[in-house]
Every structure is written in C-alpha cells, then in structure tokens.
Amino acid sequence: MPTAKPGDYPYFVKRAPSWMLPVYVRQASGRGGNMYPIKTTVKRVEGNVAMLREDLTEFLRQRYEQEFISQANELMQKVVFRGNFEKDFKEFLKIRGLLM
C-alpha cells in the first residue's frame with residue numbers, strides 16, 4: 001500500500017501488472033555492433049511527469065553531486081535518464097511511498 005496520500009505529490013507511479021517496480025535499464029546496440037549509452041526509464045507515471053523528472057534530478061544531484069541527461073515524455077508517461085540508476089530510482093519511489 002502506498003504511504004503517500006493523494007495530493008502529496010503532483011504525480012504517481014503505478015506498479016507493472018506483475019507487481020514489479022516500473023524501472024527499466026536498457027542498452028541498445030546499433031549497426032556494426034556499436035553500443036549506445038545505457039538508459040534508465042521510469043514508466044507508468046500518472047500526473048505531472050516533468051515534476052517527477054525534476055525530483056529525480058534533485059535526488060541524483062544530492063547523491064552524486066552532478067547532473068545527468070534526462071527527458072520527460074508526457075505522452076508516453078515516462079521519464080528517461082542516461083545512465084544506470086535502477087537501484088537509485090527504486091529507492092526514491094520507496095522513500096516517497098508512491099507505489100500502489
């Protein structure tokens with residue numbers, strides 16, 4: 001059960017149908033075996049996706065003392081960061097109590 005109450009945050013993250021956290025890490029390969037950067041995605045975001053991106057950016061800035069490239073996609077309801085932040089984002093979601 002989520003510990004955050006409705007209205008605490010302008011966004012909410014729903015669990016996947018398998019009840020796993022919707023945080024995914026992916027590294028795509030291109031033509032000729034070229035590897036693209038690792039990307040971490042938080043999916044199933046409801047509400048203000050841009051605000052979640054800002055909060056995640058601040059969380060990472062406090063933890064690593066630097067900024068990372070990121071993108072909020074309102075239409076697809078997801079936030080994408082360059083780098084492997086799976087453990088960090090899962091911890092963020094648990095701390096905030098945003099999970100249902």
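This passage walks through the predicted model shown above, from its overall fold to helix 1, the nonpolar core and the salt bridges.

The model is predicted, so local features need pLDDT of at least 70 and side-chain atom pairs count only at pLDDT 80 or more, while totals for chains, interfaces and linings use all residues. Residues are numbered from 1 along each chain as its sequence is written, and side-chain values use heavy atoms, with hydrogens and water left out.

A good place to start is the overall fold. The protein has 2 helices and 6 strands, where helices (H or I, at least four residues) and strands (E, at least two) are DSSP runs numbered from the N terminus. Read from the N terminus, the order of elements is β-β-β-β-α-β-β-α. The C-alpha trace spans about 50 × 35 × 25 Å along its principal axes. For 100 residues, a compact globule would have a radius of gyration near 13 Å, and the 14 Å of the protein agrees with this; the radius is taken over C-alpha atoms, and the globule rule is 2.2 Å times the number of residues to the power 0.38. Of the 100 residues, 31% count as buried, a word that here means under 20% relative accessible area, with exposed meaning over 50% and partly exposed lying in between (1.4 Å probe, protein chains only). Among contacts (heavy atoms within 4.5 Å) with a separation of 6 or more, 64% come from residues 24 or more positions apart.

Helix 1 comes next, covering residues 49-64. Its 16 residues should span 22 Å at 1.5 Å a residue, and the end C-alpha atoms are indeed 22 Å apart; the expected span is 1.5 Å times one less than the number of residues. At the N-terminal end, Asn48 acts as a cap, with a side-chain oxygen 3.2 Å from the backbone nitrogen of Ala50. Just after the helix, Glu65 adopts a positive phi of about 55°. The buried residues of helix 1 are Val49, Leu52, Asp55, Leu56, Thr57, Phe59 and Leu60. These buried residues pack against strand 1 (11-13), strand 3 (39-42), strand 4 (45-47), strand 5 (70-73), strand 6 (78-82) and helix 2 (86-96).

Several of these names return in the protein interior. The largest nonpolar core, a set of buried Ala, Val, Leu, Ile, Met, Phe, Trp, Tyr and Cys residues joined through side-chain atoms within 4.5 Å, has 16 residues. Val42, Val45, Leu52, Leu56, Phe81, Phe89 and Phe92 have the most contacts inside this core. Strand 1, helix 1, strand 6 and helix 2 each supply at least two residues of the core, and the largest share, 5 residues, comes from helix 1. Leu52 shows how these elements come together: leaving aside residues up to four places away in sequence, Leu52 touches Tyr11, Val13, Val42, Val45, Val79 and Phe92.

Charged side chains add another set of links. Side chains of opposite charge can pair when their charged atoms come close. The structure holds 7 salt bridges, each defined as a side-chain nitrogen of Lys or Arg within 4 Å of a carboxyl oxygen of Asp or Glu. One of them joins Lys14 and Glu46 at 3.6 Å, N to O. Lys14 lies in the loop between strand 1 and strand 2 (23-26) and Glu46 in strand 4, so this pair ties together parts that are 32 residues apart in sequence. Both partners are partly exposed, Lys14 with a relative accessible area of 31% and Glu46 with 33%.

Another salt bridge brings Arg96 and Asp55 together at 3.4 Å, N to O. Arg96 belongs to helix 2 and Asp55 to helix 1, so the pair ties together parts that are 41 residues apart in sequence. Asp55 is buried at 18% relative accessibility, whereas Arg96 is partly exposed at 23%. Apart from residues up to four places away in sequence, Asp55 touches Tyr11, Phe92 and Arg96.

A further salt bridge pairs Asp88 with Arg63 at 2.6 Å, N to O. This pair links distant parts of the chain, with Asp88 in helix 2 and Arg63 in helix 1, 25 residues apart. Asp88 is buried, with a relative accessible area of 8%, while Arg63 counts as partly exposed at 35%. Finally, salt bridges with shared partners join Glu58, Arg61 and Glu67 into one network.

Methods:
Polar contact = N/O pair within 3.5 Å; in protein donor to acceptor, adjacent residues only side chain to side chain.
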